[in-house]
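User: I am new to this structure and would like a short tour. Could you take me through it?

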Amino acid sequence: MLARLKSNQRTVLILGSLIGILIVCLLVAAAFGAVSISPLDIVKMTLNKVAFTHFPATWQATDETILFQIRLPRVVAGALVGAALAAAGVLFQGLLRNPLADPYIIGTSAGGAFGATLAMMLPVSFAFLGFGLVPIAAFFGALVAVLLVYNLARVGGKTPIISMLLAGFAVSAMLIAAMSFLITMSDRLQLRLHSIWSFLMGGIWVSDWSQIAIIAPMIIGGIVVARFFAFRLNAFSLGEEGAAYLGVDVERDKLTILGLGSLLTGGAVSLSGLVGFVGLVVPHAVRLVLGPDHRLLLPAAALSGGAFLVVADLLARTMLAPMEIPVGILTALIGAPFFIYLLRRTRREYAF
Amino acid sequence: MIKLSLSHVSFSYIDVPVLHDIDLAIERGEMVALLGPNGSGKTTLIKLFSGVLRPTEGEIHLDGSSLRGLKRREVAQRVAVVPQQFHMPFAFTLREVVLLGRTPFLKAFSNEEEGDYKAVQNSMELIGIRELGQRFFNELSGGERQKGILAMALAQEPKLLLLDEPTAHLDINHQVEILDLVKGLNREQGITVIGAMHDLNLAALYFDRLILLKEGRIFADGPPSDVLTEGTIKEVFSASVQVMQHPSMKAPHIVITPKRT
C-alpha cells in the first residue's frame, strides 16, 4: 500500500507515524519510575507549563517536581542521544559506504568522551558555562578521532571494512586509556566517580535542563543540516569517484558530513557518555523497512533512534529497580551480537 | 563549434607524469575511442574530460568555457561518465540507481520532479531495462548492472558521454549489446561519445575515430583503418599482429598468431 502512495505523501505518513511513536514512548517512559504518574497528567502538566493552559491539578505537587526536575530531562535527553547517534550512524555509513560504521565502533564516541573528560577537568566553577565547554570539547574530540580513523583506514581511495574496524579499535583503545589515566590523576573527577563511571558505561547523565538547552539545538540543528546533504549521500553510495561524476563536490561534502557526524556524536556523548551500537542497529533496521534513500532514512532513523533509546533507558532504570543500570550496557548487549552477525554476513562481500 | 578541446594539457599524479602536452579537439557528435596499453593515460584522459581531475598544465575547454571555471555540478549537467563497475553497498533498486543520474539537477531540500521522473523513464526505455526497475541493483547480472549505469548516465541528459572501459568485465554478448546501445545514442540522440577501450577490434567496429596513446602522448589519431596498422600496434603495444579486413564491414580486424602451437 505504501508503495502506491506518492513519494511525498509516503514520507509525511512515515515521519508523522514515527513522531507519534516517539511521543508515546516519551510519555510512557516519563510515567514509569519509583512514583508512577499518569500519562494524561503528564500531558496536562506539560501543557500548563509551556502552552499557558490551566488544567486543574489532579496530581500532587511532588509529582510535578519529579516530572520536571527528574523524569522529563532524562527522557528528553534519551531521545536526543538516540536521535543523534542513529543520525550519525547514517552519515558515517553513507559516507564510508560501510554498513558497519557506528560512531562507537569507529572511535568517534571515544574521541568525544576524551574531549568531554578534558573539559570536565577544567576548573570552571559556573555549572552552566562549565557544562557549555563539555559539548564543544566533545565535538572537537570526536572530529579529531574521526579524521584520524578515516585517514588511517583509507586504502587507495577506499575505506575497507577491516581497516576501518582496526583503526577504530586502536584509536578507541588509546583514547579510553588516556581518559582513564586522566580520571585516575584528577582529584576533581575522582570526587564524581559515580557519574564518571556512568559516563564510561554509557548512562544518560543529565542533572538539569541547562544541559539540554545547550545540546538540543546542537543535535536538532545537526540533523536538519544533515538532511540537506542526504541526496548527496545517495550519490556517495556509488563511491567518491561516482559521486564526483554526479556533480558532488566530494572533498567539501566529505568534510561537512564528517563534521556533522562529529557534532552529533559530541552532543550525544556530552549527555550520555559512551552508548554504543545505537548508530548501527537503528539505521540498519530502518533501512530494511524503508529502503536506503538517505532523504527518508536520515530523519526516520533519527526519530526511531530517539524512541529506541527512550525505551532502552526506561528498561535500564526499571528492570532491576531500585537499581539502575547504564543504558549503554543494555545497548551493547543487544548491539554487539547484532554487529557480529552483520560482520559474518557481509564477510564474503568485503573479503578479509 | 568545437565541443571539447585540449591545449597543451599535461597531467602528473603527484610526481609521476602521466600525460604530456596533449593537443586535441573533438567535435560535437563524434564517437571517439581512446586506445593504448595499460598506463598509457586513457583513464586519466577520461577523468580530465569529466573534470574530476584537473590538468597540471594546459586548459580543457568544453563548448568554449574552461573546465576550471565550471562547478562540478555544472559539468555533471552536461557530461556523464560510465565507469567499469560500481560496487553498491546498499539495497537500492535499479530504478533508484538510475534516479541518481538526476543528482546534478536536484536542489538541497527538494525531491525529484515530474521532469526528473520523465528523464529516468525515457532513459530506461531507451536502454530497454524498464521491466527491471524494481529489482535490486546488486542482484542483477553484470550486463544488466552495466546497462543500469548506462541508463543512469543517460538520465543526466548529457551532451558528452564518457566511457571508461565500459565492457571490461562483461561476456561477449553483453559487450556487443552495450556498444550497440552506445552507438545508437550517438547516432540517434547526437550525444558525443568518448570511450577508453581495451579491445582493439571492438573499438574498430564501433568507433569512427581512434586515438592511440603511447606513454602519455598521442601516437596516432584518425579513422580505424589509419590508426590500427601492423606498424602502429608493433610500435605501441610491442605486439606482432596481422591486420585483416573484417569479413562484412569496412573495418580493420586484428588477428593474432601464437608463437607456439
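**A first look at the two chains**

Analyst: In this predicted model, 44% of the 261 residues of chain B count as buried.

User: How many helices and strands are there in chain B?

Analyst: Chain B has nine helices and 12 strands. Its C-alpha trace spans about 55 × 45 × 35 Å along the principal axes.

User: What is the radius of gyration of chain B, and what would a compact globule have?

Analyst: Chain B has 19 Å, which agrees with a compact globule, because one with 261 residues would have a radius of gyration near 18 Å. Among the contacts in chain B with a separation of 6 or more, 67% are between residues 24 or more positions apart.

User: Now the interface. How many residues of each chain are in contact?

Analyst: 24 residues of chain A are in contact with 24 residues of chain B. On the side of chain A that touches chain B, α1 (7-31), α10 (230-236) and α11 (239-245) each supply at least two residues.

User: Which of them gives the most?

Analyst: α11(A) does, with five residues. By class, the residues on that side of chain A are 10 nonpolar, nine polar and five charged.

User: Back to α1(A): how does α1(A) cross α3(A)?

Analyst: The crossing is right-handed. The axes of α1(A) and α3 (residues 61-96) of chain A come within 9 Å and cross at roughly 145 degrees.

User: Which residues meet there?

Analyst: A:Leu22, A:Leu26, A:Ala29 and A:Ala30 of α1(A) meet A:Leu67, A:Arg71, A:Leu72, A:Val75 and A:Ala79 of α3(A). This contact has eight nonpolar residues, no polar ones and one charged.

Key:
Residues numbered from 1 in each chain as written. Chains lettered and ligands numbered in written order. Predicted model: local features only at pLDDT ≥ 70, side-chain atom pairs only at ≥ 80, totals over all residues. Contact = placed C-beta atoms within 7 Å. Helix = DSSP H or I, 4+ residues; strand = E, 2+ residues; numbered from the N terminus. Nonpolar A, V, L, I, M, F, W, Y, C, P; charged D, E, K, R; others polar. Rg over C-alpha atoms; globule rule 2.2 N^0.38 Å. Buried ≥ 20, exposed ≤ 12 C-beta atoms within 10 Å, placed from the backbone. Axes fitted to C-alpha atoms, helices over the stretch in contact; angles between N-to-C directions. Left-handed = near helix turned anticlockwise from the far one by under 90°.
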